[in-house]
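Q: I should like to go through the contacts in this model with you. Could we take them one at a time?

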Protein chains: 2
Amino acid sequence: MAPKVNRKTEIIKSATLLFSQDGFDRVTVKRLAHAVGISEPALYRHFKSKEAIYEAVLESIQDRLEYTQLFESLKDEPDIEVVLAEMANHIIEFFTLNIDLYRLLLYSALRGHEKAKHVFQIVRGTYIKFLQKQLDRLHSEGRIVEKRNDITARCFIGMVFDCSLGSTLWRGFQGKVHDPKEVVDNNIPIYVRGLKT
Amino acid sequence: MAPKVNRKTEIIKSATLLFSQDGFDRVTVKRLAHAVGISEPALYRHFKSKEAIYEAVLESIQDRLEYTQLFESLKDEPDIEVVLAEMANHIIEFFTLNIDLYRLLLYSALRGHEKAKHVFQIVRGTYIKFLQKQLDRLHSEGRIVEKRNDITARCFIGMVFDCSLGSTLWRGFQGKVHDPKEVVDNNIPIYVRGLKT
DNA sequence: TATTGTAGTTAGCGTTAACTAACATTCCTC
DNA sequence: GAGGAATGTTAGTTAACGCTAACTACAATA
């Protein structure tokens, strides 16, 4: 009856969406099964537990990320403005295409799920570590002033992540929701002027 | 038998802590009752439902906030560095004293609870609006450069909030957790240099 | 053709959640 | 000190959850 797609992938896709919308606890296995178009026990053919589905969702997130091209193109960039702008755009674009992910990760991190925290740390940490390395390099080249680059990197990436979240979290609420790109365009020059020698 | 404290207040206090630790859904009424030292039905004497307890928790958060003194002292401050530093310290201090709150608010906002979103918007929005007003003033006094001050304010406050959250959220994880004060001390000069005329 | 594995179904088990009925005790007020 | 409100208890009910038992349909292959 059901069309012959890859059920496992289909389940992960639906689960990612549902978990990010309502959180792990408020998504029932029944609802998830119906979202895929099968019955509950059929779902258990593919995953041994609800938790296992969740684990698979987290695994799949890591696969969706692709930084190598970005990092390659920025590793010798002399202009701090270009480094910051391209990293910010990369993050924003990713979360625009995968709006569910940041919500899901944050949700899970708040819940204290160890694996989710781990994934979040990897996603966020990869950007932070790379930016820190670039800041170190740009300082050693005499292009930017001396700073605690680990902290600067953490804050900049944090700001960009926060903006990405904000645009999905606050939609329809009193506080104005700015386009993340607009936000970054306004703030990167502040950082640049604050950092350049 | 029970000591004659104000039970309602006591319940709200326990509920705030538990909800912020585990989220609304993972806190059972039974657990909450035991945390207070009474039985489940006794708790229902004071609140008509679990949701009602949650509403009361949200109400109480607004009471805990106190900005007027801070705002009064900064409304004519000529130095952007002082404005940013004192606002940041105020937020950080508040969340250090009430570590549960930001988690709870964010948790609830993700869950989509309208009232929680509203409270979060008020807490965050009050800081942002005040900062924006000060940036407008400082610009009109010729002390800082022209910017989209709504965005600048939103990002700065977002950064501070993010740091406050980070210190409770990521504790014990691979990514270094910086002391929020240390973070602010490193980054405010960047903003200041980026903004000053 | 018989066998086997995969993917589905219906019906229901065991547990736990929120909440309630009915009754007991304490405490304030007259 | 009697009465009533406030605050507590024990022992449930109901509904929903995660998950399973038992069985079925079907395609691929020996």
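Q: How many salt bridges does the rule find across the interface of chain B and chain A?
A: The rule finds eight salt bridges across that interface, a salt bridge being a side-chain nitrogen of Lys or Arg within 4 Å of a carboxyl oxygen of Asp or Glu. Please note that this is a predicted model, in which local features need pLDDT of at least 70, side-chain atom pairs count only at pLDDT 80 or more, and totals for chains, interfaces and linings use all residues. Residues are numbered from 1 along each chain as its sequence is written, chains are lettered from A and ligands numbered from 1 in the order in which they are written, and side-chain values use heavy atoms, with hydrogens and water left out.

Q: Which residue forms a salt bridge with A:R26?
A: The partner is B:D25, and the closest N and O atoms of this salt bridge are 3.2 Å apart.

Q: And how many residue pairs are in polar contact between chain B and chain A?
A: There are 22 such pairs, both residues being at pLDDT 80 or more. A polar contact is a pair of N or O atoms within 3.5 Å; within protein, one must be able to donate a hydrogen and the other to accept it, and residues adjacent in sequence count only if both atoms are side-chain atoms.

Q: Which elements give two or more residues to the side of chain B that touches chain A?
A: They are α7 (99–111), α8 (114–140), α9 (149–169) and α10 (180–195) of chain B. Helices (H or I, at least four residues) and strands (E, at least two) are DSSP runs, numbered from the N terminus. The largest share of this side, twelve residues, comes from α9(B).

Q: What is the make-up of that side by class?
A: The side of chain B that touches chain A has 19 nonpolar, 13 polar and 18 charged residues. Here Ala, Val, Leu, Ile, Met, Phe, Trp, Tyr, Cys and Pro count as nonpolar, Asp, Glu, Lys and Arg as charged, and the others, Gly among them, as polar.

Q: What area is buried between the two chains?
A: About 4900 Å² is buried between chain B and chain A, with carbon and sulfur atoms giving 56% of it. Buried area is the accessible area (1.4 Å probe) that two parts lose on being put together, summed over both. In residues, 50 of chain B are in contact with 50 of chain A, contact meaning heavy atoms within 4.5 Å.

Q: Turning to the DNA, which residues are closest to strand C?
A: Of the 16 residues that surround DNA strand C, the closest are A:R7, A:S39, A:P41, A:R45 and B:K50. A residue is near a strand if one of its heavy atoms lies within 4 Å of it. Sugar and phosphate make up 44% of the atoms of DNA strand C that come within 4 Å of the protein.

Q: What does B:K50 approach on that strand?
A: A polar side-chain atom of B:K50 lies 2.7 Å from a phosphate oxygen of DNA strand C. Another phosphate oxygen contact involves B:V29, whose polar backbone atom is at 2.9 Å. As for the bases, a base nitrogen of DNA strand C is 3.4 Å from an N or O atom in the side chain of B:E40.

Q: And which residues come nearest to strand D?
A: Among the 16 residues around DNA strand D, the nearest are A:Y44, B:R7, B:S39, B:R45 and B:H46. An N or O atom in the side chain of B:S39 is 2.3 Å from a phosphate oxygen of DNA strand D. From chain A, a polar side-chain atom of A:K50 lies 2.8 Å from a phosphate oxygen of this strand, and a backbone N or O atom of A:V29 lies 2.9 Å from one. The elements giving two or more residues to the surface near DNA strand D are α3 of chain A and α3 of chain B.

Q: Within chain A, where do the domains fall?
A: The assignment, automatic or from a database, gives domain 1 (7–57) and domain 2 (65–195) of chain A. Their C-alpha centres lie 30 Å apart.

Q: What links the two?
A: Two salt bridges are counted between domain 1 and domain 2 of chain A. The side chains of A:E55 and A:K115 meet in a salt bridge (3.1 Å, N to O).
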